[in-house]
Amino acid sequence: MAVPSPSPLPSPTLIQLAPKHVGACLELDRAALGGIWSLAQWQRELEEEARPGLGLRQGQELLAMACGWLVVDELHITLVAVAPGHRRRGLGRRILEELMQVGLRSGASRATLEVAAGNGPGTGLYEALGFRTAGIRHGYYRSGEDALIQWVNLKR
Ligand SMILES: CC(C)(COP(=O)(O)OP(=O)(O)OC[C@H]1O[C@@H](n2cnc3c(N)ncnc32)[C@H](O)[C@@H]1OP(=O)(O)O)[C@@H](O)C(=O)NCCC(=O)NCCS
């Protein structure tokens with residue numbers, strides 16, 4: 001008798017992050033990044049119109065998120081995170097591409113971010129999406145690591 005194969009997981013749903021998601025954002029921030037923003041910082045992030053934030057949700061679980069800050073014609077990407085158990089499934093690429101589209105629709109022509117030089121997954125993801133290093137802040141992080149300042153054109 002044929003054994004039915006398990007049905008594939010449905011693709012996570014894209015959501016616009018809002019103040020009601022503050023708990024889930026704090027939780028994913030802690031799990032993925034060790035908690036870089038406080039509750040007050042997350043509240044501001046989720047309230048301000050010029051700070052677009054997107055999430056990928058499966059059921060009630062937030063699997064990925066990306067946040068940015070619109071500054072005139074630039075999108076400053078301030079955070080990208082995927083839950084540790086869900087990496088290498090294309091979620092980081094998807095959420096960042098979606099955020100770049102939001103930036104473009106909001107009038108941004110370029111996007112920029114900072115990433116630690118030794119963050120292989122981060123630099124790998126950004127390179128895959130076309131970001132290129134334009135400058136280095138030496139010893140920028142508390143660990144003494146350099147920060148790479150990267151840019152990509154959103155209008156291609
Ligand atoms: C960086 C991060 C967001 C990547 O998310 P992800 O969902 O695993 O990435 P994706 O599966 O979408 O990968 C897209 C591309 O990024 C690159 N990449 C992702 N993880 C990588 C790794 N561990 N090593 C090298 N390249 C990697 C690859 O080019 C990959 O394409 P491929 O799978 O076709 O090879 C995730 O590792 C994470 O949350 N890390 C902790 C938080 C962090 O460092 N954020 C970014 C720094 S600000």
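The exercises below concern the largest pocket and the ligand of this predicted model.

**Exercise 1.** Describe the largest pocket by volume, lining and the elements that form it.

*Solution.*
Step 1. The volume of the largest pocket is about 1,200 Å³.
Step 2. Its lining holds 35 residues, and V80, V115, N119, G122 and Y126 lie nearest the centre.
Step 3. By class, the lining has 20 nonpolar, nine polar and six charged residues.
Step 4. At least two lining residues each come from helix 1 (22–33), strand 4 (74–82), helix 3 (91–105), strand 5 (110–116), helix 4 (120–128) and strand 7 (147–153).
Step 5. Strand 4 gives the largest share of this lining, with seven residues.

**Exercise 2.** State where the ligand sits and what surrounds it.

*Solution.*
Step 1. The ligand takes up the space of the largest pocket.
Step 2. Helix 1, strand 4, helix 3 and helix 4 are the elements that give two or more residues to the shell around the ligand.
Step 3. In this shell the largest share, seven residues, belongs to helix 4.
Step 4. The ligand is surrounded by 20 residues, of which V82, R88, G92, R93 and N119 are the closest.
Step 5. The shell divides into 10 nonpolar, six polar and four charged residues.

**Exercise 3.** Find polar backbone atoms close to N or O atoms of the ligand, using a cut-off of 3.5 Å, and give the buried share of the ligand's area.

*Solution.*
Step 1. A polar backbone atom of V80 is 2.8 Å from a nitrogen atom of the ligand.
Step 2. For V82, a backbone N or O atom lies 2.8 Å from a ligand oxygen atom.
Step 3. At R89, a polar backbone atom is 3.3 Å from an oxygen atom of the ligand.
Step 4. The ligand taken alone exposes 920 Å², and 74% of that is buried by the protein.

How values were computed. Residues numbered from 1 in each chain as written. Predicted model: local features only at pLDDT ≥ 70, side-chain atom pairs only at ≥ 80, totals over all residues. Heavy atoms only, no water. 1 Å grid on protein atoms, 1.4 Å probe; cavity = no way out; pocket = protein on both sides within 12 Å on 5 of 7 lines; lining within 4 Å. Points joined across faces, edges and corners; volume = space filled by probe spheres on them. Helix = DSSP H or I, 4+ residues; strand = E, 2+ residues; numbered from the N terminus. Nonpolar A, V, L, I, M, F, W, Y, C, P; charged D, E, K, R; others polar. Near = heavy atom within 4 Å. Polar contact = N/O pair within 3.5 Å; in protein donor to acceptor, adjacent residues only side chain to side chain. Areas by Shrake-Rupley, 256 points an atom, 1.4 Å probe, with all protein chains shown as cover. Sits in = over half its atoms within 2 Å of the grid points.
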